[in-house]
Amino acid sequence: MPPITRILVVIHVICRYRLISLLPAHPAKGLLLVLQYLMPASWLGTGELSEGERLQKALERLGPIFIKFGQLLATRQDMLPPEWTAALARLQDQVAPFDGEQAKALVEASLPQPFDEVFRDFDSTPMAAASVAQVHAGTLHNGQQVVAKVLRPTIRPVVERDLKVMAFGARWLERLWRDARYFRPARVVQDYREIILGELDLAAEARNSETMRRHFLFSPLLHIPAIRLELSSPTVIIMDRIHGIPVNDIERIKAAGIDPKVLAERGVEIFFAQVFRFNFFHADMHPGNIFVNPEHPESPQYMAVDAAIAGRLSKDDLNVLGRMVLAVMREDYSALVDAVIRAGWNTAPIDRPRFERAVIDIIEPVRSAQLDQLEFAPLIMKLFDMVRAYHIEMPVQYILLMKTLVHIEGLGRSIYPQLDIWNTGRPLLEAWMLAEYGPSATLKKLQNRLPEWTAQLPDMPDLLRDGLESLRDLPYQQDRLEARFEQQLVRHRHKLFAGLAGLGCTGAALWLATPHFSWPLAAGAVLLVSWSWRR
């Protein structure tokens with residue numbers, strides 16, 4: 001059961017910033033607006049705030065978990081208007097640190113050995129603090145400088161509570177707004193749930209870091225600090241401390257004698273290597289997590305921390321990506337449209353000729369531009385605008401990939417404005433495509449599948465007969481499904497209006513605040529809402 005108190009707080013904030021007004025036209029919207037304006041919180045108005053700013057302020061009022069959710073939504077240009085995502089991108093995750101002595105006690109409790117046998121010294125003052133964890137410096141007995149990332153002790157129940165509220169709101173949004181099926185709010189919340197719970201598992205972050213570290217071991221491109229796995233746990237990570245220049249401190253980078261052009265190009269090489277060589281990429285490469293090693297200015301090296309969010313494409317998704325890249329390089333836009341449609345990302349039928357024209361209108365000007373003038377971020381924003389119009393929902397791993405590419409390009413161009421991202425990554429991309437789609441790769445795939453096909457050959461006639469019988473029964477099955485769907489639709493409509501009536505009774509009871517009317521209204525509200533929640 002969702003936490004009622006927290007739901008009431010969320011409803012209060014929604015009314016305070018009049019977010020119900022942002023919903024599209026719907027038969028129930030008028031009733032919801034009446035309920036919104038019955039709440040005294042909405043009487044304060046929103047001043048000159050735009051729609052996106054109202055959404056931003058509301059999430060900031062609701063706390064760090066909603067802020068992180070808003071930051072994730074800022075990457076979903078395939079679903080939300082640009083003005084909303086621009087405002088959400090300005091959300092700041094600013095949280096006061098918790099007590100340093102408490103953090104030290106948490107580290108001590110997680111260690112397999114006594115604290116004094118592990119640490120020579122430990123700084124109780126945090127180096128940095130965020131909504132999920134904070135970081136402390138220390139020195140091991142062998143003299144190795146380390147940092148301890150400590151999970152906030154009260155964060156998990158807060159996350160679980162707010163995730164239940166989000167899931168509850170997403171389900172009601174899908175019931176209220178028929179077009180919500182195109183945007184799948186429940187699916188978006190589920191994707192966020194997986195990401196935020198992954199951030200709460202520091203053991204998973206340690207595994208991600210060690211995997212990336214192995215990929216780039218002894219590499220001049222990227223350094224990942226070693227994780228002290230024997231000292232780490234799901235709530236504490238102990239890792240080697242790094243001393244690098246923040247990647248956005250351009251003046252210090254230049255003062256260290258580092259060539260900005262080489263540094264920017266190496267960032268692109270890292271991205272393409274992570275995606276196409278290792279299929280495992282750091283999906284949170286904002287400036288706070290990336291540093292530059294000043295020790296070898298002639299061969300600049302990046303240093304990355306915080307691998308809590310990592311992306312990996314499935315074999316099918318990687319193949320779809322490869323087919324799309326090949327289609328763009330060959331200017332075969334029909335094949336590109338085929339790849340998108342066959343991927344099954346659309347939540348509504350696609351007008352194929354119109355969709356293909358839209359793709360051509362976006363990509364053709366890009367292909368005709370000079371390579372050093374090609375900017376991926378605006379191109380990706382245009383593509384997201386287009387796919388939203390055609391009700392195409394990209395998998396969350398693609399969203400993480402695109403977000404990472406935008407961050408890489410932004411960092412690269414801040415270091416070296418003339419960065420040619422496509423020409424830098426093309427050799428790696430072409431090598432990967434040759435390995436995946438070249439003659440030797442195709443022959444190897446045929447050899448691997450031949451025994452399986454040979455074993456299935458005797459069963460083919462029976463499979464064909466079963467398929468034809470299923471097609472024969474399809475109209476009857478479709479009629480039954482339509483009848484069941486109509487029954488469920490009527491049932492959900494009744495439950496929806498019962499829930500709305502219950503909320504209306506709740507608002508009226510709070511508004512009247514007199515025993516003669518409040519208690520009967522409250523009892524009616526409980527009965528109506530309880531009935532609307534039943535299966």
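This passage describes strand E4 with its two pairing strands, and then helix H17 with its packing against helix H12, in a predicted model.

Strand E4 spans residues 145-151 and is mostly covered, with 6 of its 7 residues buried. Pairing of E4 with strand E3 (residues 133-140) is antiparallel and runs over 7 bridges. Within this pairing, Val 147 of E4 is the bridge partner of Ala 137. The hairpin formed by E3 and E4 has 4 residues between the strands, and Gly 143 in this hairpin adopts a positive phi near 90°. Strand E4 also pairs with strand E6 (residues 236-240), again in the antiparallel sense, over 5 bridges. Here Lys 149 stands opposite Ile 237 of E6.

Helix H17 comprises 20 residues, 396-415. The distance from its first C-alpha to its last is 29 Å, close to the 28 Å expected at 1.5 Å a residue. Like E4, which is mostly covered, H17 is mostly covered, as 15 of its 20 residues are buried.

Helix H12 (residues 260-277) packs against H17 at an angle of about 170°, and the two axes lie 8 Å apart. Because angles over 145 degrees count as roughly antiparallel, H12 is roughly antiparallel to H17. On the H12 side, the contact involves Pro 260, Leu 263, Ala 264, Gly 267, Val 268, Phe 271 and Val 275. These meet Leu 401, Thr 404, Leu 405, Ile 408, Gly 412 and Ile 415 of H17. The residues of this contact comprise 10 nonpolar and 3 polar ones, with no charged residue.

Note on methods. Residues are numbered from 1 along each chain as its sequence is written. This is a predicted model: local features need pLDDT of at least 70, side-chain atom pairs count only at pLDDT 80 or more; totals for chains, interfaces and linings use all residues. Side-chain values use heavy atoms; hydrogens and water are left out. Buried means under 20% relative accessible area, exposed over 50%, partly exposed in between (1.4 Å probe, protein chains only). Two strands pair if DSSP finds at least two bridges between them. The expected span of a helix is 1.5 Å times one less than its number of residues. Axes are lines fitted to C-alpha atoms, for helices over the stretch in contact, and angles run from 0 to 180 degrees between N-to-C directions. Angles under 35 degrees count as roughly parallel, over 145 as roughly antiparallel, 65 to 115 as roughly perpendicular and the rest as oblique. Contact means heavy atoms within 4.5 Å. Ala, Val, Leu, Ile, Met, Phe, Trp, Tyr, Cys and Pro count as nonpolar, Asp, Glu, Lys and Arg as charged, and the others, Gly among them, as polar.
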